[in-house]
Amino acid sequence: MKKYLVTGCAGFIGTNFVYYMLKKYPEILLVNLDKLTYAGNLENLKDCEDDPRHVFVQGDICDKELVTGLFEKYDFDYVINFAAESHVDRSITNPETFVETNGMGTVNLLQCAKNAWYDSETKTWAEGKKYCQVSTDEVYGSLGADGYFMETTPLCPHSPYSSSKASADMFVMAYHDTYGMPVNITRCSNNYGPYQFPEKLIPLMINNVKNHKKLPVYGDGMNVRDWLYVEDHCKAIDMVANGGRDGEVYNVGGHNERPNIFIVKTIIAQLHDRLKDDGIDEGLIQYVADRLGHDRRYGIDPTKIKEELGWYPETPFEKGIVLTIDWYLEHEEWMNNVTSGNYQKYYEEMYKNK
Ligand code: NAD
Ligand code: TDX
């Protein structure tokens, strides 16, 4: 039975990954280490709380003693590091926590994995171990109208978030190049789907549209993101962990580029029709001040993962957005719970000067 340390899996992608893996592998152990920041939500995991294949541990990836103890207890085969501060806007107002979790947290995981897996006397790594870093296309910077990010594209991050993720990627490669640690890095484009915290574009807009709140579109609304349904990302991570070549980076994306305003108008049209609500129309759109340093376009070339591992994005956007809206409509209580309390304060602070 393979044993995984999965971090940050009370958040959006990690939650989806836990369900994906439990469905796929009858025999597996997933030890889920999550600090439960504002973005982590144990309610997400309630459908597997009685499943012995999933063990939840509340804690910080920066905590050396805790992580060392987990390696001693479980003798992991894999580490898959999802844990991160993940919101670009928050990184602009508070960069330090991004350096701590995304930078120092990653280095702590790498060091604990090395201590557990590397025999310094024989200078050998234990068989069958791998460290996987869940990274982002944002480490490559911003594209103009043409071209795509390849794995060979130089790192050129702009925001404090993407800089902290790029720094983490460099440490992962440093552990590979210096100590021979078996590693992979995945760099994925924008995900959407169930359990995404409504600070990110799609769930924020769904929630605002439903409540007839203004829809804050940054700048001219023509920034382009390459949207990927979260389950397709989970599948890619599993394939890379189990079949990726040692020391390689794999880009994950789906040639599914859309300007932000297209996304917002799609959500308006969908909810207008499905809720039969005439209060929902494009008059809700409000163009607001642009995000500082706003990357113009992301576009992934996923040829490598397709050719080497046979991965492809199975969910077209037209289907994925319907599945996503369905999920949020069916999980009104989830949305109410995550948007009560601190969320209101966050929203007022983040959007007051926009
Ligand atoms: P998220 O913000 O929804 O979840 C992050 C999780 O990490 C939360 O459960 C939080 O409690 C936990 N966490 C934060 N700091 C921690 C710490 N110090 N120790 C332990 N746990 C901690 O993020 P997400 O959208 O699910 O993203 C997951 C990963 O995927 C991140 O590494 C992110 O950079 C990467 N990624 C995200 C996207 C996207 O579109 N969301 C795209 C590409 C890559
Ligand atoms: O209110 C908004 N209005 C708006 O116009 C918000 C929240 C966003 N936007 C724009 C900014 C971006 O161009 O929408 C686009 C998407 O924004 P986010 O959802 O914040 O995502 P992004 O900044 O692209 O980063 C995401 O994808 C890559 C994730 O948050 C990262 O964790 C991931 O690495």
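This passage describes the surroundings of two ligands and the packing of two helix pairs in a predicted model.

Ligand 1 is surrounded by 28 residues, and those that come closest are Ile13, Asp34, Ser86, Tyr161 and Lys165. Several polar contacts link this ligand to the protein. With the side chain of Tyr161, the contact joins an oxygen atom of ligand 1 to an N or O atom at 2.6 Å. The side chain of Asp60 places an N or O atom 2.9 Å from a nitrogen atom of ligand 1. The backbone also takes part, as a polar backbone atom of Thr37 lies 3.0 Å from an oxygen atom of ligand 1. On its own, ligand 1 has 840 Å² of accessible area, of which the protein covers 97%. Two or more residues of the shell around ligand 1 are given by each of the elements α1 (12–24), β7 (130–136) and α5. Of these elements, β7 supplies the largest share, with 3 residues. By class, the shell around ligand 1 consists of 12 nonpolar, 12 polar and 4 charged residues.

The shell around ligand 2 comprises 20 residues, and Glu138, Tyr161, Arg291, His294 and Tyr351 come nearest to the ligand. Tyr161 is thus listed among the nearest residues of ligand 2 and among the closest residues of ligand 1. Ser86, which also belongs to the closest residues of ligand 1, offers a polar backbone atom at 2.8 Å from an oxygen atom of ligand 2. Side chains contribute further polar contacts to ligand 2. An N or O atom in the side chain of Glu138 is 2.6 Å from an oxygen atom of ligand 2, and for the side chain of Tyr351 the corresponding distance is 2.7 Å, again to an oxygen atom of the ligand. The protein buries 94% of the 650 Å² that ligand 2 exposes when taken alone. Strand β10 (residues 215–218) provides the largest share of the shell around ligand 2, namely 3 residues. The shell of ligand 2 divides into 8 nonpolar, 7 polar and 5 charged residues.

Helix packing was examined for two pairs. Helix α5 (residues 160–179), one of the elements that contribute to the shell around ligand 1, packs with helix α4 (residues 95–117) at an angle of about 15°, and the two axes are 8 Å apart. Because this angle falls under 35 degrees, α4 is roughly parallel to α5. The crossing in which α4 passes α5 is right-handed.

The second pair consists of helix α8 (residues 260–275) and helix α10 (residues 317–330), whose axes are 11 Å apart and which pack at an angle of about 55°. An angle of this value lies neither under 35 degrees nor within 65 to 115, and α8 and α10 are therefore oblique to each other. The crossing of α8 and α10 is right-handed, as is that of α4 and α5.

Methods: Residues numbered from 1 in each chain as written. Chains lettered and ligands numbered in written order. Predicted model: local features only at pLDDT ≥ 70, side-chain atom pairs only at ≥ 80, totals over all residues. Heavy atoms only, no water. Near = heavy atom within 4 Å. Polar contact = N/O pair within 3.5 Å; in protein donor to acceptor, adjacent residues only side chain to side chain. Areas by Shrake-Rupley, 256 points an atom, 1.4 Å probe, with all protein chains shown as cover. Helix = DSSP H or I, 4+ residues; strand = E, 2+ residues; numbered from the N terminus. Nonpolar A, V, L, I, M, F, W, Y, C, P; charged D, E, K, R; others polar. Axes fitted to C-alpha atoms, helices over the stretch in contact; angles between N-to-C directions. Parallel < 35°, antiparallel > 145°, perpendicular 65-115°, else oblique. Left-handed = near helix turned anticlockwise from the far one by under 90°.
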